[in-house]
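Please read the following walk through a protein fold with the coordinates open beside it. The order of topics runs from backbone layout to side-chain packing.

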Amino acid sequence: MSSKTVVLGGSGAMTSGCVYDLYRTSDFDEIVVADADEENARRLVDMLDDRFRFEPVDATDTDDIERVLEGADYVVNGLPYAFESNVLDAMERVGDLTGVDLNAFDFDEVLGRSEEFAAAGNSLWFANGGLVSTIALGMVACEEFDDVADVNFYWGMWRLLTQTTPGLTDTVTYEHDPNVDERAKWENGEVIDDLPAFSEQREFEFPDPIGRQNTYVISHPEPITFPEAPVAQEKNVDRIITRGAWHDEWKRYERTLHAANAFETDGVEVDGREVDPVEVMQEQVKAEGLARESEWKPPEELSPETEWTPQTVLSAEVTGTKGGSDDRAVFHFEQPFPFFDGNDITLMREYGCYVGVPLSVTLQLMAEGAVDEEGVFITETSGLDADRYFDEMEARGFDLVAEATPDEAVAADD
């Protein structure tokens, strides 16, 4: 039976890795790269085989998304989260779709549509991408213990200030915005939110090139969602928190916005016009990032300013007891370079493979029936076999590193 897959926003920095992995590893018959950016989409499709084709789509128009999805069996949503409701509405109209969704905002609203999605024959893995890897890290680390005290997730995001995309620029600054109330931790069965920016500081050592860094809480959903994982319940997890580390250029930038009180003002007057100081700086950073992304180059020429490869390292540190003794487990997950087989590419497309490849892997697991949940669900409730997931990712060049695991301890005789 033939199968058609649509990748919405398929030529984006985060989603291009998904498309390329589908080219390398999938047996889908037809794969549509649906995007508003025809130039970059065609550049990507030209690398691939004749199963792939470009299709323009207007993400602001639900009817147009529906048009692109007609006749599809599988869908990847890599569009910006502003278009989430349009995508969900179009999927519900079309029906009988199996998909993965990069968006990780508006959990209650999206998960609240699960029953109607199931009624339409849809199955959608929400909050996908890099979050699948962190949750799977937490799963394998918790399995090392009889009882778990703390689960610490870490995102090491290592790139220069202007090595960015508009979406990533907004995300980093959102995570440092003092007005955001989504920085949270989970403790003794309760969510504690509204944590201040730069709070819950803790030193953690990442693999090179990041090394030892001060990390602090970020507005990621793991403290909200990981308690739903069966292993978290079985191991009686007490506390969960997610922290992040950025390159010094990003830290100086975000702290400067705080020091200038830029988040607390409605605007400042410049030449008779009122402007938002945060928006002005954001637009400058985005413009520099877009200028860098305009040229496709051999991978070795993508970051001439650094001796290291811009990348994201994902880690989980878990403490608990095993065999009656306190112990600690630390796992890291590192991305390959280059991912696109040495083809000319842009820096952020190479960087984004840590997001794009999990989209491809999880979609193929669903197609194989290894994950067969209905409606809308998240990684924790998907029934994902974390070991199988990491096997698939390592086959693609990713590296799962067990820095520390608990030793089997024999309780002392009384």
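The paragraphs below treat the sheet, the helices on it, the aromatic contacts and the nonpolar cores. The model is predicted.

A convenient starting point is the open sheet, which has 7 strands in the order β3-β2-β1-β4-β5-β6-β17, with parallel pairing. Which strands stand at the edges? They are β3, residues 52-56, and β17, residues 375-377. Each has a single partner strand, so one side of each lacks a neighbour in the sheet. From one strand to the next, the twist averages 20°. Strands of a sheet are held in register with one another through backbone hydrogen bonds, in either a parallel or an antiparallel arrangement.

At the β17 edge, the partner is β6, residues 123-125, and the two strands pair in the parallel sense over 3 bridges. Within this pairing, W125 is found opposite F377 of β17.

Two helices can be placed relative to the sheet. Helix α4, residues 84-94, lies across β1 (4-8), β4 (74-77), β5 (98-101) and β6, and runs at about 170° to β4. Helix α14, residues 353-368, also packs on the sheet, where it touches β1, β4, β5, β6 and β17. The direction of α14 makes about 155° with that of β5.

Another helix, α12, spans residues 277-292 and contains L290. Is L290 buried, partly exposed or exposed? Its relative accessible area is 47%, so L290 counts as partly exposed. Although L290 and T162 are 128 residues apart along the chain, their C-alpha atoms are separated by 8.6 Å.

Next come the aromatic side chains. The structure holds 23 aromatic pairs. One of them joins F153 and F226 in an edge-to-face arrangement, with 5.4 Å from centre to centre and 80° between the planes. This pair links distant parts of the chain: F153 belongs to strand β7 (residues 147-158), while F226 sits in the loop between α9 (222-225) and α10 (230-234), 73 residues apart. F153 has a relative accessibility of 0% and therefore counts as buried. F226, with a relative accessible area of 0%, is buried.

F333 and F390 form an edge-to-face pair, with centres 5.1 Å apart and planes at 65°. Here too the pair links distant parts of the chain, with F333 in strand β16 (residues 325-334) and F390 in helix α15 (residues 386-395), 57 residues apart. Both F333 and F390 are buried.

Ring pairs also link Y20, Y23, F52, F339 and F340 into a cluster. F339 has a charged residue over its ring: the charged end of R24 sits there, 4.4 Å from the ring centre. A similar placement is found at F198, where the charged end of R255 sits over the ring, 4.0 Å from its centre.

The last topic is the nonpolar interior. How many residues are in the largest nonpolar core? There are 115, and those touching the most other members are L8, L69, V151 and F226. F226 is thus met again, as the buried partner of F153. Setting aside residues up to four places away in sequence, L8 touches T15, A34, I65, L69, V75, V76, N77, G78, L79 and V87. Apart from the largest core there is a second, separate one of 9 residues, including F204, I210, V313 and A404.

Terms used. Residues numbered from 1 in each chain as written. Predicted model: local features only at pLDDT ≥ 70, side-chain atom pairs only at ≥ 80, totals over all residues. Heavy atoms only, no water. Pairing = 2+ DSSP bridges. Helix = DSSP H or I, 4+ residues; strand = E, 2+ residues; numbered from the N terminus. Axes fitted to C-alpha atoms, helices over the stretch in contact; angles between N-to-C directions. Contact = heavy atoms within 4.5 Å. Buried < 20%, exposed > 50% of the residue type's maximum accessible area, 1.4 Å probe, protein only. Phe/Tyr/Trp six-rings, centres within 6.5 Å; stacked < 30°, edge-to-face > 60°. Lys NZ or Arg CZ within 6 Å of the ring centre and 35° of its normal. Core = buried A, V, L, I, M, F, W, Y, C linked by side-chain atoms within 4.5 Å.
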